[in-house]
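I opened this notebook to record what I looked up in the structure, topic by topic. The sequence and model come before the entries.

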Amino acid sequence: MLDLLITSCQVIAPKSDGGPLKGAAMAELCVIDKGAVGIKNGRIAFIGTAEEAAGLEAKEKMNASGKLLSPGLVDPHTHLVFGGSREHELSLKQQGVPYLEILAQGGGILSTVRATKQATDDELFEKGMFHLNRCLSYGVTTMEVKSGYGLDRETELKQLETAAKLNDQHPIDIVSTFLGAHAIPENYRGRPDAFLEEMLTLLPEIKHRDLAEFVDIFCETGVFTVEQSKRFLEKAKSYGFGIKIHADEIDPLGGTEMACGIGAISADHLVGASETGVKMLGENDTIAVLLPGTTFYLNKESFAPARAIIDNGGAVALSTDFNPGSSPTENIQLIMTLAALKLKMKPEEIWNAVTVNAAHAIGRGETAGALVVGRAADLVLWDAPNYHYIPYHYGVNHVNTVWKKGKKVAERKETYEIRSFS
Ligand code: IZC
Ligand code: ZN
């Protein structure tokens with residue numbers, strides 16, 4: 001006897017029997033029109049056609065009336081825990097002040113660092129909850145969350161502890177990354193190596209207390225060089241952390257090649273990745289996490305070479321990069337539209353990039369991002385007739401219902417009462 005049987009839906013089930021989907025395999029997506037999915041004890045117990053499901057008994061049956069049903073989405077790159085906001089930077093952007101210039105003047109990331117230091121534990125937690133609820137409402141059931149707005153021992157740990165508490169208390173599963181190497185704080189100005197040494201001293205405690213699985217660094221002009229990033233990440237790797245990198249986001253420094261060379265689980269941004277970097281992504285296991293919302297919001301013309309990465313055999317995942325500066329949005333559906341129009345990705349590739357490949361990019365390929373009998377039932381039912389519809393109808397939220405581990409955790413309600421005018 002099933003707990004719940006959802007019928008009459010278009011079910012999309014990304015392939016999940018190997019590692020991440022690479023190259024041409026990214027365009028393969030199992031689609032069951034008139035499908036059905038059954039849940040028992042929080043796990044997926046049946047996937048098939050509605051016809052095959054006809055004889056199944058269930059405590060509750062739900063006729064989905066032709067809607068789309070997908071795995072819960074995975075957002076593999078966010079800076080969710082932070083104090084304050086940066087709306088004042090919008091007018092600077094309009095005046096043409098570049099992102100890295102705002103940072104060099106002590107604004108940008110450093111302004112969020114000041115606000116995060118000032119925030120109490122409770123404030124950070126409540127704000128994190130607010131944003132997490134919004135992520136869930138957009139269909140995300142698993143996500144990565146970075147630190148990096150402390151840049152000192154106390155505040156970096158405060159951020160990681162907040163993420164751990166959010167993971168305990170919110171339905172979304174959070175995977176934590178230590179991004180202490182996010183910028184050079186004022187008191188280390190001109191001394192990046194000394195600052196990186198300081199951040200390395202946190203690693204034993206973070207490992208011991210299991211506060212992060214991954215270590216990341218912002219490899220960028222005026223922040224950390226490729227050489228510094230390589231040394232830092234190799235040290236982190238020797239402590240047993242998985243490694244990630246913000247690479248070639250603004251300037252093409254060669255972080256992509258370096259990441260592939262040292263076995264990073266993902267290299268993120270890659271707007272300025274070189275031809276060699278693109279080729280190496282095809283030849284290595286490093287997943288390209290692309291963040292077109294950031295390129296859009298930085299007001300840039302040229303987007304990451306997604307087509308070249310896929311056509312050279314690489315694996316692409318997509319993410320919001322949710323953060324208060326370069327991508328203030330929790331809307332991963334909008335990112336799917338940008339991926340279609342700006343990255344020229346096919347709808348099937350886009351769905352694989354926000355499910356199975358995103359899960360692999362944060363070490364959750366075996367548990368999240370796919371529909372497999374026996375796995376936790378993380379599901380999204382969409383107010384959409386098919387999977388092409390989500391990237392197509394842009395800028396709004398199409399989620400109808402979200403289940404996490406078989407429990408209904410979000411459901412659309414009318415938020416406005418529209419009154420008749422006559
Ligand atoms: O707060 O601006 N790029 N880090 C690297 C960010 C953007 C986040 C921010
Ligand atoms: Zn980022």
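Entry 1, the sheet. I began with the term I needed: two strands pair if DSSP finds at least two bridges between them. I note that the model is a predicted one. With that rule in hand, I looked up an open sheet of eight strands, paired in parallel and ordered S6-S7-S8-S9-S10-S11-S12-S13. The edges are held by S6 and strand S13 (316–318); each has a single partner strand, so one side of each lacks a neighbour in the sheet. On average, neighbouring strands of this sheet are turned by 25° against each other, direction ignored. In general, strands of a sheet pair through backbone hydrogen bonds, either parallel or antiparallel.

I then took one pair from the sheet. Strand S7 (residues 140–146) runs parallel to strand S8 (residues 173–181), and five bridges join the two. Opposite Thr-142 I found Asp-173 in S8.

Entry 2, the zinc site. Which residues coordinate the zinc ion (ligand 2)? I found His-77 (NE2), His-79 (NE2), His-246 (NE2) and Asp-321 (OD), at 2.0 to 2.7 Å. Along the chain, these donors of the zinc ion (ligand 2) have the spacing H-x1-H-x166-H-x74-D. The pair of His-79 and His-246 links distant parts of the chain, 167 residues apart: His-79 is in the loop between strand S6 (73–75) and helix H2 (89–94), and His-246 is in strand S10 (residues 242–247). Both His-79 and His-246 are buried. I checked the geometry as well: the angles among the four donor atoms of the zinc ion (ligand 2) run from 76 to 164°, and the site is irregular.

Entry 3, aromatic pairs. I looked up six aromatic pairs in the structure. The ring centres of Phe-195 and Phe-224 lie 6.4 Å apart with the planes at 10°, so I entered this pair as stacked. The pair joins distant parts of the chain, 29 residues apart, with Phe-195 in helix H7 (residues 192–200) and Phe-224 in the loop between strand S9 (214–217) and helix H9 (226–238). Phe-195 has 0% relative accessibility and counts as buried; Phe-224, at 0%, also counts as buried.

Tyr-389 and Tyr-392 make an edge-to-face pair, at 5.3 Å centre to centre and 70° between the planes. These two tyrosines are about one helical turn apart, because three residues separate their positions in helix H17 (residues 389–392). Is Tyr-392 buried or exposed? Tyr-392 is exposed, with a relative accessible area of 60%, whereas Tyr-389 is partly exposed at 23%. I also noted one aromatic cluster formed by Phe-82, Tyr-149 and Phe-322.

Entry 4, charges over rings. The charged end of Lys-207 sits over the ring of Phe-241, at 4.7 Å from the ring centre. Lys-244 lies over the face of Phe-214, 5.3 Å from the centre of that ring.

Entry 5, backbone angles. Most residues other than glycine have a negative phi. I therefore set down two residues with a positive value, with the general rule in mind. Leu-151 has a positive phi of about 55° and is not a glycine. Leu-151 lies in the loop between S7 and helix H6 (153–169) and is buried, at 4% relative accessible area. Asp-248, also not a glycine, has a positive phi near 50°. Asp-248 is placed in the loop between S10 and helix H10 (255–261) and counts as buried at 1% relative accessibility.

Note on methods: Residues are numbered from 1 along each chain as its sequence is written. Chains are lettered from A and ligands numbered from 1 in the order in which they are written. This is a predicted model: local features need pLDDT of at least 70, side-chain atom pairs count only at pLDDT 80 or more; totals for chains, interfaces and linings use all residues. Side-chain values use heavy atoms; hydrogens and water are left out. Donors are N, O and S atoms within 2.8 Å of the metal (3.2 Å for Na, K and Ca); water is not among the atoms, so sites may look incomplete. Four donors count as tetrahedral if all angles lie between 85 and 135 degrees; four count as square planar and six as octahedral if opposite donors are over 155 degrees apart and all others between 65 and 115; anything else is irregular. Helices (H or I, at least four residues) and strands (E, at least two) are DSSP runs, numbered from the N terminus. Buried means under 20% relative accessible area, exposed over 50%, partly exposed in between (1.4 Å probe, protein chains only). Rings of Phe, Tyr and Trp (its six-membered ring) pair if their centres lie within 6.5 Å; planes under 30 degrees apart count as stacked, over 60 as edge-to-face and the rest as tilted. A charge sits over a ring if NZ of Lys or CZ of Arg is within 6 Å of the ring centre and within 35 degrees of the ring normal. Axes are lines fitted to C-alpha atoms, for helices over the stretch in contact, and angles run from 0 to 180 degrees between N-to-C directions.
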